[in-house]
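Please open the model in your viewer and keep the selection panel at hand. Each stop below tells you what to select and what is there.

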Amino acid sequence: MNSASLLGTPNPTAIGFFLSFVALTLVITWWAARHTRTTEEFFAAGRRISGRQNGFALAGDYMSAASFLGIAGLVSTSGFDGLIYSTGWLVGWPVVLFLIAEPLRNLGRYTFTDVVSFRLRQRPVRIAAAIGALAVVSLYLIAQMVGAGNLIKLMFGLSYETAIVIVGAVMLAYVLFGGMIATTWVQIVKAALLLGGAALLALLVLAQFGFNPLRLFAAAAGRYGAGVLAPGKLISSPWEAVSLGLALMFGTAGLPHILMRFYTVPDARAARQSVFWATGLIGCFYLLTFVLGFGAMVLVGHDAIVAVDKGGNMAAPLLAEVLGGKALLGFIAAVAFATILAVVAGLTLSGAAALSHDLWVSVVRRGEAPHEEQLKVARMASVLLGVLAVALGLLFKGQNVAFMVGLAFALAASGNFPALVLSVYWPRFTTGGAVAAIVTGTVTAAVLICFSPTVQVDILHHEHAWFPLKNPALVSMPLAFAVAVLVSLAAPEPAARAAYAAKEQRMILGEP
Amino acid sequence: MTLGLLSRQRWRIATALSAVMTLVYFGFVLLVAFDKPLLATLIAPGLSLGVLLGALVILAAWILTWYYVRWANAHLDRRVSEIRAAGPPA
């Protein structure tokens with residue numbers, strides 16, 4: 001059937017669905033623009049998003065094309081191994097709930113840097129944390145933009161460059177005019193579409209197996225051997241497994257665009273409800289992608305999937321074509337495009353907040369910028385990030401960027417998470433400790449990735465990699481914690497220590 | 001209940017639940033790393049132990065999330081409003 005696949009040819013259904021999505025979201029943006037007059041509305045949607053709405057938006061922000069197409073693809077080619085990623089990405093959410101969500105909402109205004117710098121000296125901490133945030137956002141943007149260009153080329157038959165420019169322009173329209181209000185609703189619509197589409201596909205798959213997933217898995221094992229139900233080649237050594245697990249589990253709690261979403265709700269209780277919804281939705285989504293992956297393995301077949309894309313990324317669209325023809329393929333392709341737009345908009349907004357709120361307003365202007373200036377700088381920063389996203393997308397054309405999502409999680413887990421958690425819970429944490437944690441975690445993770453087999457062997461085709469692990473979190477995250485503790489104990493900061501009681505009060509009770 | 005006491009109670013619950021989640025997930029990951037044949041054991045046609053445990057990790061994440069939200073909605077929020085009602089601390 002592969003020869004008959006319509007992938008890569010301009011598909012009127014896909015384009016129709018996609019244009020409807022863009023039209024709908026631009027109407028939302030037009031409506032949101034009329035309610036975006038203050039910095040608080042631009043960055044935090046006026047804090048009027050409900051817990052359930054924010055749960056959907058968090059899910060929409062988190063379920064990227066990498067997890068939809070990538071995990072379905074990984075499952076369709078390697079079976080069980082996809083579960084290692086799915087479970088890792090899900091178990092980060094309870095950790096966000098227990099340790100981060102409520103204190104973050106009570107202590108900050110727009111960025112996680114607000115919380116890290118709360119009782120410390122503002123300028124050094126802001127600079128370090130903003131750089132940590134921008135590093136994660138940039139890597140994530142590269143992965144998303146290059147993925148967008150390739151996918152859209154495969155699915156719509158548009159050129160890579162056209163695809164990148166369309167994504168950049170539409171996304172910038174949401175952010176620039178509609179700010180966080182538009183971005184939130186785009187993410188909610190996208191989450192509903194993606195979950196609905198995945199559920200529909202899964203139902204159609206299961207309908208062929210008497211609605212019993214075990215019969216589907218058994219069919220896969222019958223055709224490709226029982227190995228598809230067992231751990232395969234993804235995890236080669238125990239250290240590798242633990243290192244990947246650490247990055248997946250604690251990376252979520254250090255992603256700037258996810259953390260920023262907690263400021264859009266009115267209080268800590270709503271922040272808590274939003275993680276409850278997000279965890280439920282994302283868990284369902286990963287269970288569905290597991291079914292889709294096996295569905296593609298059985299109904300489309302290994303060879304047909306790999307023939308279209310070596311990484312298996314087209315498994316879900318190919319499955320849609322087999323199950324529902326051109327119409328369903330068009331719908332799923334449009335959903336994948338919408339997915340990328342929603343994630344990129346969230347990333348751009350969080351990068352803009354780091355640039356304007358953390359660096360310009362808090363560091364350059366020392367928190368004394370007039371209101372109109374804050375909003376103007378926020379919009380200028382959004383344009384800058386939008387242009388940067390398009391430029392990065394064009395610059396990294398044709399590069400293997402699959403490892404960059406993993407790197408973004410490793411950087412988030414090593415650079416941002418230790419400083420955030422220590423600043424919230426450890427009274428003796430100091431300015432020096434915070435800066436040291438962020439710098440050590442970010443630099444160590446980035447350097448070790450450069451010397452890892454992913455870059456040295458897979459990309460540069462060297463014989464040997466100096467650092468044995470593909471994921472650096474096992475070294476970089478504990479190192480960041482250790483350096484933070486040592487620096488804080490070596491040079492105590494009495495003012496920060498004294499301010500902890502007030503911080504603790506606000507962390508529990510909220511703003512006075 | 002004083003604020004300090006409530007804060008410590010929240011910390012204990014938050015770290016305990018985080019520890020449980022970490023143990024559950026890394027238990028799964030370490031089994032993947034160390035005992036692949038065990039996870040390949042078929043429990044039923046089409047269901048290996050590995051797939052079952054992976055689904056249970058997702059279930060565990062849901063249960064722990066639900067438990068914390070229930071505790072915080074019922075207990076934490078009530079104590080917080082009591083402390084707020086008692087007026088600002090000296």
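The tour goes from confidence to a helix pair and then to the chain contact.

This is a predicted model: local features need pLDDT of at least 70, side-chain atom pairs count only at pLDDT 80 or more, and totals for chains, interfaces and linings use all residues. Residues are numbered from 1 along each chain as its sequence is written, with chains lettered from A and ligands numbered from 1 in the order in which they are written.

**Confidence.** Color chain A by pLDDT (the predictor's confidence in each residue, from 0 to 100). The average is 91, and 99% of the residues score at least 70. Among the elements of chain A, α18(A), residues 453-459, has the lowest mean, 83, and α19(A) the highest, 97.

**Helix pair.** Select residues 431-450 of chain A, α17(A), and residues 473-490, α19(A). Helices are DSSP runs (H or I, at least four residues), strands E runs of at least two, numbered from the N terminus. The two helices pack at about 155 degrees, axes 8 Å apart. They are therefore roughly antiparallel (angles over 145 degrees). Contacting residues include G432(A), A436(A) and T440(A) of α17(A), and V475(A), A480(A) and V483(A) of α19(A). Contact means C-beta atoms, placed from the backbone, within 7 Å. By class, this contact has eleven nonpolar, seven polar and no charged residues. Ala, Val, Leu, Ile, Met, Phe, Trp, Tyr, Cys and Pro count as nonpolar, Asp, Glu, Lys and Arg as charged, and the others, Gly among them, as polar.

**Chain contact.** Now show chain B: 41 of its residues contact 41 of chain A. Select α1 (3-34) and α3 (49-85) of chain B, among the elements that each supply at least two residues to that side. The side of chain B that touches chain A has 31 nonpolar, seven polar and three charged residues.

Definitions and conventions. Axes are lines fitted to C-alpha atoms, for helices over the stretch in contact, and angles run from 0 to 180 degrees between N-to-C directions. Angles under 35 degrees count as roughly parallel, over 145 as roughly antiparallel, 65 to 115 as roughly perpendicular and the rest as oblique. Two residues are in contact if their C-beta atoms, placed from the backbone, lie within 7 Å.
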